[in-house]
Structures are given as C-alpha cells and as structure tokens.
Amino acid sequence: MKTKLCFATNNTHKLEEIQAILGDSFELLSLKDVGCTEELPETGNTLEANSLQKAQYLYDHYQVNCFADDSGLEVHALGGEPGVDSAHYAGKQRSHADNNALLLKNLQDKTDRKAQFRAVITLIQDGIVNQFEGVVTGQIVEDYKGTGGFGYDPLFIPDGYDKTFAEMDLVEKTKISHRGRSFEKLVAFLG
Ligand code: IMP
C-alpha cells in the first residue's frame, strides 16, 4: 500500500517534482487534495517556527502525515535580514521587484555582500516531528543579472559560480539550491 503524505502546497510543479523523486511507494497529496482551502498560519519569527506551524496546523486539522517548507534569504551585513520576512521585505504587496530594490538600497556602500538562502522542511508522521535544512551560500551582486527564476534570484551568485540563480535553469539551480538540498535530506530520510 502507498504511504500518503500531504505536502503543504498547491504548487503542482513542486508536487510533481517531489513525487518523481519519492517514487511509487508514496502518494503525495496537495492541500486541495486534503480539503484545505484556508491559508496556513505563518506567524513565527524563524523559518523553523513557520514551517513547523504550517505542518502542525495541517496535522492537527486534517489528521494527515505531512510536511511543509519555508525559505528565505539571509544577508550577513544586514544581520540575517530579510530572513523570515523575505516574501514581504518591502511591504505587504509582496512584490519581488520592490524587495530586490530595497535589498540593493540597504546594501549600498556595503562591501560585505555575503548571503545565504536557507530552507527548512518540517515533516510530521504519526505525531513525530523532524526538520531538514538546506543552505546555499553566495554573494549579492550590485545589479540585476538574468531573467529566470523568481524572487531574489537575479541578485544572488552562489559560491563557486560566476552567474546568478536567474541565469541558471531549474535543474542546475535545484542541484545546489537551499530547497533542493533540504528536499534531498527529506527524501533520504523517507527512504
Ligand atoms: P517561500 O518559502 O517559498 O514562501 O519563499 C519565501 C520568500 O523567500 C520568497 O517569496 C522569496 O522572496 C524568497 N526566496 C525563497 N527561495 C528563493 C529562491 O530560490 N530564489 C529567490 N528567492 C527565494
């Protein structure tokens, strides 16, 4: 029998990708599949707290084994900001363009351009909680480069590369990205 596992997302792209890695022994369910149409609570101060909050809500309200992810960009010279506020760094309009512009403004005149993307997945199976972290370190560039990806991708060059995430295709990015690395750990754990 297939093990059912709900992923706290309705992004079919993400679901298909993870389903392909997990193979036939798992049946991945979306939020819609389990009847969850409300927004999941996300009021924590850390990526760990937020991904736990989302998974715990699903587990408690829908009685399903599940996992949730949360991710953000942490910039060294800004004390780890925007971090958990990455999606709404420049305000509640949640505009990637505004967020990127604010980031560049806040880093004006700063020589320290170190940053990392971090992702945390919380898995809850039969009440047991496990978390998996993925990190990719790099630098924030002074001007936009590339048109692919989303969010802060045009401003982030991963260490060991001379192009931004926005200049990579999804396969290349996922091999080294925070999200890719966190999902690798989840998949290894689930066996
Ligand atoms: P979420 O965890 O997927 O909701 O991501 C939260 C926010 O972090 C996004 O809205 C982006 O601003 C930022 N972010 C997370 N992952 C990435 C990435 O791979 N590239 C660019 N921005 C990202």
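Start by colouring by burial: of the 191 residues in the protein, 44% are buried (buried means under 20% relative accessible area, exposed over 50%, partly exposed in between, with a 1.4 Å probe and protein chains only). What you have open is a predicted model, so local features need pLDDT of at least 70 and side-chain atom pairs count only at pLDDT 80 or more, while totals for chains, interfaces and linings use all residues. Residues are numbered from 1 along each chain as its sequence is written, and side-chain values use heavy atoms, with hydrogens and water left out.

Now switch to cartoon. You should find 5 helices and 6 strands, in the order β-α-β-α-β-α-β-β-β-α-α from the N terminus (helices are DSSP runs of H or I with at least four residues, strands are runs of E with at least two, numbered from the N terminus). The radius of gyration is 17 Å, close to the 16 Å from the globule rule for 191 residues, so the protein is as compact as a globular protein of that length (the radius is taken over C-alpha atoms, and the rule is 2.2 Å times the number of residues to the power 0.38). Along the principal axes, the C-alpha atoms fill a box of roughly 55 × 30 × 25 Å.

**First stop: N50.** Select helix α2, residues 47-62, and pick out N50. N50 is buried, at 3% relative accessible area. Show what surrounds N50: beyond its neighbours within four places in sequence, N50 is in contact with E42, T43, G44, D70 and V84 (contact means heavy atoms within 4.5 Å).

**Next, the β3-α3 loop.** Strand β3 covers 66-75, and P82 sits in the loop between β3 and α3. Zoom in on the peptide bond from E81 to P82: this one is cis, with omega near -5 degrees. Stay in the loop between β3 and α3 for R94, which has a positive phi of about 50 degrees although R94 is not a glycine. For background, most residues other than glycine have a negative phi, and most peptide bonds are trans.

**On to α3.** Helix α3 spans residues 96-106 and holds N100. N100 counts as buried, at 4% relative accessibility. Leaving aside neighbours within four places in sequence, select the contacts of N100: Y144, G151, Y152, P154 and L155.

Follow the chain out of α3 into the loop before β4 (114-125), where you meet D109. D109 has a positive phi of about 70 degrees without being a glycine. Buried or exposed? D109 counts as exposed, at 79% relative accessibility.

**Then β5.** Select residues 128-140 and find G134 in this strand. G134 counts as buried, at 1% relative accessibility. Outside its neighbours within four places in sequence, G134 is in contact with F117, R118, A119, H178, R181 and S182. Try a distance label too: G134 and K4 are 24 Å apart, C-alpha to C-alpha, and 130 residues apart in sequence.

**Last stop: α5.** Helix α5 takes in residues 178-190, and its end C-alpha atoms are 19 Å apart, which agrees with the 18 Å that its 13 residues should span at 1.5 Å a residue (the expected span is 1.5 Å times one less than the number of residues). Which residues of α5 are buried? They are H178, R179, G180, S182, F183, L186, V187 and L190. Just after α5, click on G191, which takes a positive phi of about 65 degrees.
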